[in-house]
Amino acid sequence: MNPNNYLLLAAILFTIGAYGVLVRRNAIIVFLSVELMLNAANLAFVAAARNTGTLDGLVAAFFVMVVAAAEVVVGLAIIVTIFRTRRSASIDEASLMKY
Amino acid sequence: MIAALIGLPLLGAVVLLLGGRRTNAWGHLLAVVMSASSFFIAAMLFMQMVGKPEEEREIGQFLFDWIAVGAFQIPFGFYLDQLAIVFVLLITGVGTLIHIYSIGYMAHDPNRRQFFGYLNLFIASMLLLVLADNYFLLYLGWESVGLASYLLISFYQQKPSAAAAGKKAFIVNRVGDVGLALAILLMFVTFGTLSFEGVAAGAGLAAPTTVTWIGLALLLAACGKSAQFPLQSWLLDAMEGPTPVSALIHAATMVTAGVYLIVRAHAIFDLSETARTAVVIVGAITLLLGAFIGTAKDDIKKGLAGSTMSQIGYMILAAGLGPVGYVFAIFHLLTHGMFKAGLFLGAGSVMHGMHDDVNMRHYGALRTMMKVTYATFALGFLAIIGVPPFAGFWSKDEIIHAAFGQNLFIGLATLLGAGVTAFYMTRMMAMTFFGEARWEQDVKPHESPAVMTIPMIVLALGSAFGGMAMLFIGDIEHWLEPVTGFAYPQNSVSKAVLIPITLAVILGGAGYAWLCYGRRPIPVDAPTNVSLLTKAARADAYGDAINESLFMRPGQYLTRSLTWFDAKAIDGFVGGIAAAVGGLSARSRRLQNGYVRSYALTMFGGATLIALILLLVRL
């Protein structure tokens with residue numbers, strides 16, 4: 001199978017994730033979109049590693065997974081706290097830190 | 001011993017000024033005691049000096065190194081020679097008499113203690129000025145005298161005119177001080193030292209132009225302190241101070257400092273014909289200008305102030321004549337110190353009896369009411385116009401004699417000055433003590449208490465006999481000769497001819513004044529349909545108007561334009577930058593809108609941009 005298809009898929013997934021981050025208001029959805037982007041990147045890394053036959057991309061993918069796991073923990077905690085205080089998971093309402 | 005001379009009055013000033021109200025009860029007595037003990041020390045030192053042979057009379061006292069920076073070495077030391085001691089005796093002697101007089105004169109003033117503190121400060125500053133052994137220390141004394149005069153002239157500080165007069169004296173003096181500062185700087189650059197000896201020794205080796213410039217700068221300094229043309233305008237306004245202050249400024253301290261400076265720096269003036277000529281011209285102009293102003297003043301103190309200008313003009317002129325004149329400048333200074341102090345104290349006594357009225361048109365016929373004041377004032381009057389054998393005759397006649405030796409016109413100027421002096425002093429006598437009484441209602445003239453009349457009597461005796469005593473017993477020419485040098489005037493008119501002429505001129509001036517003011521009734525209000533000359537003299541020869549139009553208004557204009565430039569250009573530039581930055585940030589902070597999604601968009605935009613750039617560069 002053509003390895004470029006993997007990269008194409010990764011690009012599509014990344015675009016969907018970015019679109020989700022930019023247009024959705026629900027924090028959970030935004031969060032899922034971020035995860036989608038991260039995994040799209042992972043896919044690209046792995047595909048690239050396969051293409052070049054080196055381990056660099058695989059190592060980078062592992063790093064991304066670890067960071068993503070940590071980010072999920074912190075991010076979800078923040079979202080839950082915001083939901084408890086404001087009774088809403090809309091990210092547009094959490095806009096107090098501004099000029 | 002020398003340090004004690006200065007230290008005692010200084011201590012008095014410190015105690016009185018820092019002691020506050022606790023010293024109110026006895027403060028004035030302390031001040032008198034301090035001044036008097038300083039006089040006694042001076043008398044002792046004088047006796048010691050008289051007992052020594054001529055070449056051992058100078059004594060010095062080194063206290064400590066004041067400033068020591070590399071080659072710039074200024075010791076804090078005193079130097080007492082024949083010139084300094086006569087000044088010290090005059091300052092402390094006349095100063096003490098004025099202190100005693102002030103006990104009576106200021107008896108009802110709530111700030112009497114402060115007044116005496118300032119008087120002591122004045123005496124101490126003036127002593128420091130004449131006892132310093134280098135020009136830098138002299139400068140310290142010079143400035144302290146300026147400070148003390150400012151404090152005393154504006155003593156009645158609740159009166160705006162007195163406050164303004166004090167400021168005026170201080171500021172005009174600053175102009176002269178610039179001259180002294182320049183002279184000192186030039187001296188240090190040229191000679192590398194500021195001690196009197198070092199400067200005198202180095203003067204002969206320096207470039208003649210430099211010496212001339214130093215002399216001219218010193219002349220500017222002398223003009224400021226001694227109220228000489230063109231810096232004379234402060235002296236007449238200085239009459240706003242209490243009368244004893246006027247006596248102190250005009251007789252014992254302050255205005256004599258300029259004469260002292262020129263005589264002390266005679267090594268400079270001996271070498272520079274130009275500087276000496278400038279000194280003579282300034283002296284001649286001032287002696288005529290002062291006498292001219294004195295003729296038209298109705299204010300008794302301002303009349304005397306004009307007279308002081310004129311007499312100091314004589315001294316400056318004599319000092320400018322070189323070795324033929326230095327001695328007589330000092331001689332006239334000493335006799336003037338006595339009779340002018342006596343005249344001022346007399347004027348103060350008259351004012352004391354007339355409810356502080358200074359207008360002579362409200363006086364008249366006071367000779368029967370104030371016998372002592374009349375008698376002492378009359379002796380001072382005879383001394384100042386130069387009637388033999390009173391003090392002023394001996395000194396003024398010598399100056400006129402020396403002036404004729406220099407130049408016919410200068411001689412004629414001094415002669416004319418003598419005539420005008422006789423005119424305005426006779427006018428003053430006639431308006432004050434003779435004629436019919438023109439007193440204001442409910443003014444009852446009375447003689448002053450003994451504490452005031454005794455100093456006046458002492459000074460009157462000095463005016464009567466002081467000149468003879470100094471000339472014949474003290475032999476003042478030869479007393480001062482080791483310090484200043486002395487030469488008999490050459491090519492002058494012989495004294496046998498000159499003295500009768502001088503006396504005739506004096507008699508003419510006095511007689512004319514008597515015709516105008518003694519024989520005719522004096523209007524109570526000053527006549528307004530007077531000649532232009534009288535108007536000019538009443539306006540102090542337009543000295544203030546000239547200063548205002550030449551210096552004050554252009555100065556104000558300059559200040560205003562600088563303020564405008566500062567506000568518009570400099571503030572505009574700096575403020576404009578700040579406003580631009582502020583406006584820009586007010587707009588750019590709107591980007592921080594708090595919406596996560598817009599931040600995310602920015603991040604994507606940025607990332608895309610970077611990716612594009614990377615791609616473009618790679619391609």
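**Questions about a predicted two-chain model**

Mentor: In α11(B), the buried residues are T256(B), A257(B), G258(B), V259(B), Y260(B), L261(B), I262(B), V263(B) and R264(B). Keep in mind that this is a predicted model.

Trainee: What makes α11(B) largely enclosed by the rest of the structure?

Mentor: Count the residues. Nine of the nine residues in α11(B) are buried, so the helix is largely enclosed by the rest of the structure. To be called buried, a residue needs 20 or more other C-beta atoms within 10 Å of its own.

Trainee: And what helix does α11(B) pack against, and which residues meet?

Mentor: α14(B). From α11(B) come G258(B), V259(B), I262(B) and V263(B), and they meet I312(B), M315(B), I316(B) and A319(B) of α14(B). By class that contact holds seven nonpolar residues, one polar residue and no charged ones. The polar entry is a bookkeeping matter, because Gly counts as polar here, and G258(B) is in the list.

Trainee: Why are α11(B) and α14(B) called roughly parallel?

Mentor: Set the crossing angle against the cut-off. The axes of α11(B), residues 256–264, and α14(B), residues 300–320, come within 10 Å and cross at roughly 5°. Angles under 35 degrees count as roughly parallel, and therefore these two helices are roughly parallel to each other.

Trainee: There's a helix pair across the chains too. What angle do α1(A) and α24(B) make?

Mentor: About 140°, with the axes 8 Å apart; that's residues 3–23 of chain A against residues 596–618 of chain B. A18(A), V21(A) and L22(A) of α1(A) make the contact with R597(B), A600(B), L601(B) and F604(B) of α24(B). Its classes are six nonpolar, no polar and one charged.

Trainee: What would you call an angle of about 140°?

Mentor: Oblique. Roughly antiparallel needs an angle over 145 degrees, and roughly perpendicular runs from 65 to 115, so about 140° falls among the rest, which are oblique.

Trainee: How many residues does each chain bring to the interface as a whole?

Mentor: Chain B brings eleven residues and chain A brings ten residues. On the chain B side, they split into five nonpolar, three polar and three charged.

Trainee: Back inside chain B: how do you know that the length of α3(B) agrees with what is expected of it?

Mentor: Multiply 1.5 Å by one less than the number of residues. For the 24 residues of α3(B), 82–105, the span should be 34 Å, and the end C-alpha atoms are 34 Å apart, which agrees. α3(B) is also mostly covered, with 22 of its 24 residues buried.

Trainee: What makes A227(B) buried and R87(A) exposed?

Mentor: Neighbour counts again. A227(B) has 30 other C-beta atoms within 10 Å, so it is buried. R87(A) has 8 C-beta neighbours inside 10 Å and counts as exposed, because the limit for that is 12 or fewer. Both have a phi near 55°, a positive value in a residue other than glycine. A227(B) lies in the loop between α8 and α9 of chain B, while R87(A) is in the segment after α3 (56–86) of chain A.

Trainee: Why does T85(A) count as exposed?

Mentor: T85(A) has 8 C-beta neighbours inside 10 Å, so it counts as exposed. This residue lies in helix α3 of chain A. T85(A) and L58(A) are 27 residues apart in sequence and 41 Å apart in space, C-alpha to C-alpha.

Trainee: Where are the cis peptide bonds in chain B that you flagged?

Mentor: One joins F229(B) and P230(B), with omega about 0°; P230(B) is in the loop between α8 (208–225) and α9 (233–237). Another runs from P388(B) to P389(B), with omega near 5°, and P389(B) sits in the loop between α16 (371–385) and α17 (391–406).

Trainee: Into which domains is chain B divided, and how far apart are their centres?

Mentor: Domain 1 covers 2–526 and domain 2 covers 564–618, and their C-alpha centres lie 74 Å apart. The C-alpha atoms of chain B fill a box of roughly 120 × 65 × 55 Å along the principal axes. The chain has 24 helices and two strands, and 51% of its 619 residues count as buried.

Terms used: Residues are numbered from 1 along each chain as its sequence is written. Chains are lettered from A and ligands numbered from 1 in the order in which they are written. This is a predicted model: local features need pLDDT of at least 70, side-chain atom pairs count only at pLDDT 80 or more; totals for chains, interfaces and linings use all residues. Helices (H or I, at least four residues) and strands (E, at least two) are DSSP runs, numbered from the N terminus. Axes are lines fitted to C-alpha atoms, for helices over the stretch in contact, and angles run from 0 to 180 degrees between N-to-C directions. Two residues are in contact if their C-beta atoms, placed from the backbone, lie within 7 Å. Domain bounds come from an automatic or database domain assignment.
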